[in-house]
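Thanks for making the time this morning. I would like to walk you through one model, beginning with a single residue and then stepping back to the whole chain.

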Amino acid sequence: MSDNFAINSRGNSLKSRFDDSFAWGVATSAYQIEGAVGEGGRSPSVWDSLCQLEGAVLNGDTGAVACDHYHRYLDDIQLMAQLGVKHYRFSIAWSRIIPEGRGAVNEAGVDFYRRLVDALLENGITPHATLFHWDSPQALEDRYGSWRSREMAQDFADYAGAVVGRLGDRVTNWITLNEIFCFIHMGYGVGDVVKQQPRPPHAPGTVVERLKDVWQASHHALLAHGLGCQAIRAASPQPCQVSLVDNWMVPVPVIESPEHIEAAKRAFELVGTNGGVILPALTGRYGETFLAQLGEEAPEILPGDLETIHQPLDGLGFNVYTGCYVRAAQTEAGFEWVDLPKGYPRMNMPWLQVVPEAMYWGIRHVSETLGRGDLPIFVTENGCAAQDELRDGAVWDTDRIFYLRQYLRSAQRAVAEGFPLRGYFLWSLLDNFEWAYGYDRRFGVVYVDYDNGLERVPKASFDWFRECVRQGRVV
Ligand code: GCO
């Protein structure tokens with residue numbers, strides 16, 4: 001029997017290892033870790049602006065300093081080397097590169113990322129650069145309301161071309177956008193949001209007249225992805241990989257029986273924004289039932305838009321944290337959502353219910369429900385917030401290890417069944433700025449001591465993940 005198999009205590013053989021080609025990595029994003037918001041020619045982003053609004057971020061936290069990664073990136077790369085990961089996913093801050101959002105390039109901003117990438121490569125770590133992880137230039141919000149304008153798509157593509165033209169000799173793994181759901185559907189809200197809270201929770205925090213305005217902004221983001229793909233390929237001086245990262249919602253069959261599996265597949269298009277984001281990006285069409293349900297609130301789609309959006313991709317990034325259970329039902333839709341009981345296990349975020357099967361089903365839906373089994377998939381984010389406590393210089397986050405072990409076993413199942421999962425990036429290397437929750441929620445496998453000079457303290461989960469990477473399997 002090949003060494004890929006181990007005999008577990010019950011004598012059953014199981015595929016216990018990932019292939020040596022499996023990409024193990026960690027992920028971060030610019031605004032969440034860099035700090036140095038006024039250095040190196042960077043201009044304010046919409047997140048800098050949102051953080052200034054009363055009540056927008058817990059405890060009034062901002063990304064002004066964050067983890068100070070801008071100055072400590074060499075030490076943080078040494079942590080990655082200690083982990084043994086060979087891949088690192090980070091994001092590039094648009095407002096460091098083109099402070100006005102369009103036009104002149106700030107070469108000092110480019111130089112920071114050159115230094116970062118060169119240090120990664122010197123340590124044998126492959127860079128995976130996300131071109132947009134929510135921190136768009138405030139200048140474009142001022143000019144035309146960011147994603148509300150179709151102009152944002154072309155400005156993003158021009159920015160992408162400027163970056164790839166300068167870093168493409170070193171970076172060949174490019175990601176256009178991170179999670180359209182979050183920066184659009186949590187960044188723009190219709191009027192009734194105002195009753196519940198002064199603004200949508202994410203930047204730019206814009207209250208719009210109607211749902212159509214949100215979906216129009218969403219459509220512009222998809223156009224940015226499509227034009228961005230084209231700009232990357234045109235500017236790269238060498239062959240490169242271009243991906244989209246999305247957190248598509250995952251309907252999980254409540255029991256893996258044929259009827260509940262069929263119900264989960266029926267639900268895929270209609271859960272969250274799947275029918276309006278991952279479907280057009282991967283199939284070139286908005287979901288029919290999805291559009292019918294949107295009715296008058298559907299976005300205006302110009303001739304050629306869908307062809308622009310549906311670009312060929314070299315890979316697909318899957319950000320997975322949780323899922324939703326589905327059961328078969330004698331309804332027109334053919335399925336029903338299964339509400340979670342009060343005591344259902346969750347981690348330290350209101351939405352972070354522990355649903356490890358979402359990893360497997362999120363991957364399987366792409367192959368079977370969307371028919372895109374041709375696309376290599378990378379888990380570009382998986383992780384959890386936990387109530388970490390630093391005691392005697394250590395953090396024994398056995399709850400985070402529990403969570404990660406279950407999700408990685410589910411990932412292993414997908415690989416063992418032949419689905420095209422090619423890598424796993426843990427979210428996150430460091431505790432960092434968790435958007436509207438500020439620094440109150442910790443997702444890192446490295447504890448950042450905000451009260452003691454931002455000292456980095458590897459947690460037990462750091463040692464556990466290092467062992468998974470070393471053995472190439474879930475321990
Ligand atoms: C996301 C973002 C990350 C978050 C992480 C935890 O997926 O929402 O990409 O920036 O910090 O997911 O919420």
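Let me start with V214, which makes contact with I184, H185, Y188, G189, V190 and V208, once residues up to four places away in sequence are left aside. Please keep in mind throughout that what you see is a predicted model. V214 itself sits in helix α10, which covers residues 211-235, and from that list of partners I would pick out V190, which is 24 residues from V214 in sequence while the two C-alpha atoms are 7.6 Å apart in space. Is V214 buried or exposed? Its relative accessible area is 4%, and because the cut-off for burial is under 20%, V214 counts as buried.

Now a second residue with a list of contacts, N274, which is placed in the loop between α11 (258-268) and α12 (278-283). N274 has a relative accessibility of 1%, so this loop residue counts as buried. What does the side chain of N274 reach? It comes to 3.0 Å from the backbone oxygen of F268. Again setting aside residues up to four places away in sequence, N274 touches W248, M249, F268, E269, L279 and P280, so that F268 appears both in this contact list and as the residue whose backbone oxygen the side chain reaches.

Next, some backbone geometry that you may want to check before setting up any calculation. There is a cis peptide bond from A203 to P204, with omega near 5°, and P204 belongs to the loop between α9 (193-196) and β8 (206-208). Another cis peptide bond joins W427 and S428, where omega is about 10°; S428 lies in the loop that runs between β15 (421-427) and β16 (446-449).

Staying with the backbone, two aspartates deserve a look for their phi angles. D68, although it is not a glycine, has a positive phi of about 55°, and its place is in the loop between α2 (46-51) and α3 (69-83). D392, also not a glycine, has a positive phi of about 50°, and this residue is found in the loop between β14 (377-381) and α16 (398-416). How do they stand with respect to the surface, buried or exposed? D68 is buried, with a relative accessible area of 15%, whereas D392, at 84% relative accessibility, counts as exposed.

Let me now step back to the whole protein, which has 17 helices and 17 strands. Its radius of gyration is 21 Å, close to the 23 Å that the globule rule gives for 475 residues, and therefore the protein is as compact as a globular protein of that length. Taken along the principal axes, the C-alpha atoms fill a box of roughly 65 × 55 × 45 Å. Of the 475 residues, 60% count as buried, and among contacts between residues at least 6 apart in sequence, 75% join residues that are at least 24 apart.

As for the surface and the charges, the accessible surface comes to about 18,200 Å², and 49% of it belongs to carbon and sulfur atoms. The protein carries 42 positive and 60 negative side chains, with the centres of these two sets lying 4 Å apart.

I will stop there, and I am happy to go back to any of these residues on the screen.

Methods:
Residues numbered from 1 in each chain as written. Predicted model: local features only at pLDDT ≥ 70, side-chain atom pairs only at ≥ 80, totals over all residues. Heavy atoms only, no water. Helix = DSSP H or I, 4+ residues; strand = E, 2+ residues; numbered from the N terminus. Buried < 20%, exposed > 50% of the residue type's maximum accessible area, 1.4 Å probe, protein only. Polar contact = N/O pair within 3.5 Å; in protein donor to acceptor, adjacent residues only side chain to side chain. Contact = heavy atoms within 4.5 Å. Rg over C-alpha atoms; globule rule 2.2 N^0.38 Å. Areas by Shrake-Rupley, 256 points an atom, 1.4 Å probe, with all protein chains shown as cover. Lys, Arg positive; Asp, Glu negative; His and termini not counted. Charge placed at Lys NZ, Arg CZ, Asp CG, Glu CD.
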